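Dear colleague,

Please find below the structure that I am handing over to you, with its sequence. My findings follow directly after it, and I would be grateful if you would read them with the model open.

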Amino acid sequence: MGMSVTISAATAQDAEQIFRLQYLCFQPEAALYGNYRIDPLVQTLDSVREEVARDCVFVARLGEEVVGSVRGSVTEDGAAAIGKLCVHPRLQGHGIGARLLRAAESALADQHGAKRFRLHTGHRSEGHLRLYRKVGYETVGTSQGADGIPMIVLEKPASTYAATA
C-alpha cells in the first residue's frame with residue numbers, strides 16, 4: 001500500500017529539506033536559461049530558515065520526506081507574493097504543485113488578508129505558465145529578475161482561490 005502526499009504548514013525542522021529540494025528542483029530552470037545564479041540556487045540555508053519563520057510556507061510530504069514546497073507573504077499593496085513553488089522531479093505531474101498553491105492561497109487570504117495573489121516565472125518556463133494559468137492566474141506584465149532573466153508576472157484575485165480549490 002502506497003503513502004499519500006499530505007500538505008501542511010512548514011516547521012523550522014523542515015528548512016533543511018526545503019533548502020535541498022529547492023536546489024534540486026531549480027536545476028532544470030537554471031539550465032533552461034543557462035544561468036545557475038538564479039535566486040533559488042544561491043539562497044542560503046539561513047535565509048530559508050528565516051522565510052520559514054516569517055512567511056507563509058507550506059510543504060508536501062510523502063511520509064517524513066518533504067517533496068514539495070511553496071512560500072508566500074503579503075506585500076504592502078495587499079497582494080500576496082507567492083514564490084519558489086517546487087515539487088520533487090519524481091512526483092511532478094500529479095497535482096502536488098496545484099495543491100500547494102491552493103494551501104498557500106487559502107492561508108494568505110483567510111489568515112493574512114491578501115486581496116490578490118501575484119507570482120512570476122521565467123518567460124521560457126512553459127510548464128509553470130501552464131500550471132499557473134490552469135489555476136486561474138493571468139499575465140499582468142513582465143519584469144526582469146535580479147539575475148537578468150525576463151519574467152512573466154501573473155495575478156489573480158484572492159476571491160477566486162476557492163473556485164480553483
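The side chains of Lys-84 and Glu-51 make a polar contact of 3.5 Å. Please bear in mind that this, like everything that follows, comes from a predicted model. Lys-84 belongs to strand β4 and has a relative accessibility of 16%. Because buried residues are those under 20%, Lys-84 is classed as buried. Apart from neighbours within four places in sequence, Lys-84 is in contact with Gln-22, Phe-26, Asp-39, Pro-40, Gln-43, Glu-51, Ser-69, Val-70 and Arg-71.

The backbone of Lys-84 also deserves a remark. Most residues other than glycine have a negative phi. Lys-84, which is not a glycine, has a positive phi, near 55°.

Which residues are linked with Lys-84 in a network of salt bridges? The network consists of Asp-39, Glu-51, Arg-71 and Lys-84. Within it, the side chains of Glu-51 and Arg-71 form a salt bridge with an N to O distance of 2.4 Å. This pair links distant parts of the chain, with Glu-51 in helix α4 (residues 45-54) and Arg-71 in strand β3 (residues 65-74), 20 residues apart. Are Glu-51 and Arg-71 buried or exposed? Both Glu-51 and Arg-71 are buried.

One of the contacts of Lys-84 is Phe-26, which lies in the loop between α1 and α2 (27-33). Phe-26 has a relative accessible area of 11%, and is therefore buried. Not counting residues up to four places away in sequence, Phe-26 touches Ile-38, Pro-40, Leu-41, Lys-84, Leu-85 and Cys-86. The C-alpha atoms of Phe-26 and Pro-89 are separated by 9.9 Å, although the two residues stand 63 residues apart along the chain.

Turning to the salt bridges in general, the count for the model is 13. Two further examples may be set beside the Glu-51 and Arg-71 pair.

The first is Arg-116 with Asp-77, whose closest N and O atoms are 3.1 Å apart. Arg-116 is in strand β5 (residues 116-122) and Asp-77 is in the loop between β3 and β4 (79-87), so this salt bridge ties together parts that are 39 residues apart in sequence. Arg-116 is partly exposed, at 24% relative accessibility, and Asp-77 is also partly exposed, with a relative accessible area of 42%.

The second is Glu-16 with Arg-20, where the N to O distance is 2.5 Å. Both residues lie in helix α1 (residues 15-25), four residues apart, which is about one turn of the helix. Glu-16 is partly exposed, at 33% relative accessible area, whereas Arg-20, at 55%, is exposed.

Helix α1 also packs against helix α4. Two packed helices are described by the angle between their axes and the distance between the axes. For α1 and α4, the angle is about 120° and the axes are 9 Å apart. The two helices are therefore oblique to each other, and their crossing is right-handed. Which residues of α1 and α4 meet? Ala-15, Glu-16, Ile-18, Phe-19 and Gln-22 contribute from α1, while Leu-45, Val-48, Arg-49 and Val-52 contribute from α4. Glu-16 thus appears both in this packing and in the salt bridge with Arg-20.

Two further residues, each in a strand, complete my notes.

Lys-156 is part of strand β7 (residues 150-157). With a relative accessibility of 2%, Lys-156 counts as buried. Its side chain joins that of Glu-105 in a polar contact of 3.2 Å.

Thr-6 is part of strand β1 (residues 5-9) and is partly exposed, at 41% relative accessibility. Setting aside neighbours within four places in sequence, Thr-6 is in contact with Val-59, Ala-60, Arg-61 and Arg-99. Between the C-alpha atoms of Thr-6 and Gly-68 the separation is 9.9 Å, while along the chain these residues are 62 residues apart.

With kind regards

Terms used:
Residues numbered from 1 in each chain as written. Predicted model: local features only at pLDDT ≥ 70, side-chain atom pairs only at ≥ 80, totals over all residues. Heavy atoms only, no water. Buried < 20%, exposed > 50% of the residue type's maximum accessible area, 1.4 Å probe, protein only. Polar contact = N/O pair within 3.5 Å; in protein donor to acceptor, adjacent residues only side chain to side chain. Salt bridge = Lys/Arg side-chain N within 4 Å of Asp/Glu carboxyl O. Axes fitted to C-alpha atoms, helices over the stretch in contact; angles between N-to-C directions. Parallel < 35°, antiparallel > 145°, perpendicular 65-115°, else oblique. Left-handed = near helix turned anticlockwise from the far one by under 90°. Contact = heavy atoms within 4.5 Å.
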